[in-house]
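New notebook page, new structure. I want to get my bearings before anything else, so here is what I looked up.

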Amino acid sequence: MNLINLENVGKAYGPVPLLESVSLGLDDGDRVGVVGRNGGGKSTLVSIIARRIEPDEGRVTHARGLRLGYLTQRDEFPEEATVRSLVLGDRAEHEWAGDTRVRDVLAGLLADLDLDAPVAGMSGGERRRVALARLLVPEHDLLVLDEPTNHLDIEAIDWLARHLAARGTALLVVTHDRWFLDEVTDRTWEVVGGRVERYEGGYSAYVLAKAERARIAAAAEAKRQNLLRKELAWLRRGPQARTSKPKFRVEAAQALIADEPPPRDTVELTRFATARLGKTVIDVEDATVTVGGADLFERLTWRLGPGERVGLVGVNGSGKSTLLRLLDGGVAPAAGRVVRGKTVRLAHLSQNLEELDPGRRVLESVEEIRRRITVGKREWTAGQLLERLGFRGERQWTPVGDLSGGERRRLQLLRLLMDEPNVLLLDEPTNDLDIETLNEVEDLLDGWPGTLVVVSHDRYFLERVTDRVMALLGDGRLSLLPGGVDEYLDRRRRGAAPTRTSAARTGKPPAAEAAKAPEAKPKSSAQAWRARKELDRLERRLDKLAARQAELHELLAAHATDYERLQELDAELKAVQAEAAQVEEQWLMLAEEAG
């Protein structure tokens with residue numbers, strides 16, 4: 001069944017057209033990923049498809065009665081809205097509790113949120129999960145998602161990919177998350193130069209197909225040039241001599257990558273990094289970090305060596321950004337110490353970028369740090385690196401104040417690299433970057449000789465630029481994951497790592513609670529041990545209550561037509577929820593005292 005058709009669609013903002021004579025269609029069951037550079041027209045295309053904006057020319061046709069769900073990049077809600085009013089509306093509890101899909105969405109996205117909590121004041125990640133739940137609860141024929149993974153952690157992205165794959169609804173998604181594209185799409189549209197190029201397969205297949213197209217185009221151009229040279233030779237010499245036609249092996253993927261070296265020479269980079277850094281880079285010894293009266297890290301020991309490339313994962317609130325600040329000296333440990341090598345030149349790209357001078361030009365902003373640097377075995381000028389990261393031609397002379405968020409992110413990263421640090425801490429470096437820019441950043445980091453620590457929800461980038469993955473699992477320690485991100489997600493699914501709720505308990509308490517918290521008194525080791533034991537008991541009780549709530553939801557669904565049984569189950573569910581709230585309050589009070 002055909003859902004949407006575009007016929008000769010065009011759209012322009014100013015003198016440069018974003019889309020020109022675009023004709024394409026979406027059928028029932030299609031699962032399409034949209035890629036292209038920032039500002040190239042991806043969001044404009046999906047907005048036209050969803051009929052949120054009108055094209056300047058051409059026609060958009062929807063199937064009669066099409067149920068289309070559209071997720072925009074910005075999550076805007078009424079100020080007085082609650083999670084329940086946005087996601088469930090006026091549905092009675094027994095009605096939505098009996099719907100397997102609704103329960104799956106609530107458990108996957110909103111397990112740690114109070115349904116009656118106001119959305120105002122929530123974090124970007126929480127608001128994004130509410131927006132996704134609001135979209136996924138109803139039935140749709142087509143889901144149009146514009147950057148759905150923004151602000152989500154790795155676990156939430158993994159859940160969303162599995163949910164969409166199992167759902168089977170037609171899908172059109174714009175995202176820079178390449179792993180996500182591979183998981184949920186089977187076709188790719190690239191928006192480039194006002195056109196939409198179509199490819200079969202997800203992101204990996206798209207990369208191979210695009211490379212093969214480029215190879216064929218290069219071969220065709222070489223053939224044309226050969227023909228021109230032969231024609232000139234004929235004009236000089238007379239009749240053309242016999243020549244044998246070149247034969248090409250068309251084995252697309254194998255031919256393209258057969259002689260390609262590994263992305264980076266790890267041994268050589270480690271040797272070079274050791275020469276620059278010495279044996280000691282950063283040693284964390286028995287460090288305890290207290291945030292808001294609770295221990296975020298407890299007697300943490302970690303030796304970060306020369307040339308190490310480490311990815312950090314963990315749920316939101318587990319302390320990833322705090323750990324980076326501990327490494328760079330922005331946070332001091334309450335106990336223990338952090339030792340930094342004498343030759344360490346550290347650069348930290350945080351999520352909150354420091355302000356750039358809006359009046360300076362892009363090139364000037366980079367050259368004030370350094371005019372040229374050496375990456376690997378090649379020397380680069382500031383202008384060449386800017387061009388690699390998407391600042392081409394006149395764009396290098398654009399005032400910084402006129403740049404988009406993604407362009408400022410690229411500029412800040414490049415300024416850090418131009419200072420030639422030998423230890424680089426990157427906190428969510430992929431935010432607002434398109435796929436082409438990510439490829440260039442990855443290529444730059446491949447040849448960068450130093451110690452690298454990356455926090456990112458983009459698992460493709462994480463696995464691409466790092467050699468090992470470590471996790472903060474909410475127990476105050478840092479755990480090595482030999483199996484990488486897959487092992488982390490497996491631990492989360494098996495319950496071997498805390499939920500978002502329990503991880504949040506170890507973070508900063510609410511402002512009101514912090515305001516009335518008395519000054520902490522020193523605790524003896526015996527008192528601390530008893531407090532920890534009681535906290536563990538309360539956590540086990542919370543886990544049992546959560547499991548019972550899940551069983552009751554399933555029983556409500558199974559007895560949806562038995563009114564008396566529903567009343568009994570509903571009463572028990574409310575009692576379990578009340579006990580869970582009481583136990584959690586006890587946990588918070590004890591955690592505050594133990595801090």
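I started with a pair of strands: E3 (residues 31-35) and E7 (residues 170-174) run parallel, and four bridges join them. I should keep in mind that this is a predicted model.

Zooming in on that pair, I found Val-34 standing opposite Val-174 in E7.

Next I asked myself in what order the strands of the open sheet come. I read off six strands, E5-E6-E7-E3-E8-E9, with mixed pairing.

Then the edges. Strand E5 (68-71) and strand E9 (195-200) each have a single partner strand, so one side of each has no neighbour in the sheet. I also checked the twist: on average, neighbouring strands of this sheet are turned by 15° against each other, ignoring direction.

What lies across E5 and strand E6 (142-146)? I found helix H5 there, residues 124-136, running at about 175° to E5.

Moving on to another helix, I looked at H14, which covers residues 405-418. I noted 14 residues and a reach of 20 Å from the first C-alpha to the last, close to the 20 Å expected at 1.5 Å a residue.

Is H14 mostly covered or mostly open? Mostly covered, I wrote down: 12 of its 14 residues are buried. Among the buried ones I listed Gly-406, Glu-407, three arginines (Arg-409, Arg-410 and Arg-415) and Met-418. Leucines turn up there too, including Leu-411, Leu-413 and Leu-414.

Last entry: just after H14, I spotted Glu-420 with a positive phi of about 50°.

Terms used. Residues numbered from 1 in each chain as written. Predicted model: local features only at pLDDT ≥ 70, side-chain atom pairs only at ≥ 80, totals over all residues. Heavy atoms only, no water. Helix = DSSP H or I, 4+ residues; strand = E, 2+ residues; numbered from the N terminus. Expected span 1.5 Å × (residues − 1). Buried < 20%, exposed > 50% of the residue type's maximum accessible area, 1.4 Å probe, protein only. Pairing = 2+ DSSP bridges. Axes fitted to C-alpha atoms, helices over the stretch in contact; angles between N-to-C directions. Contact = heavy atoms within 4.5 Å.
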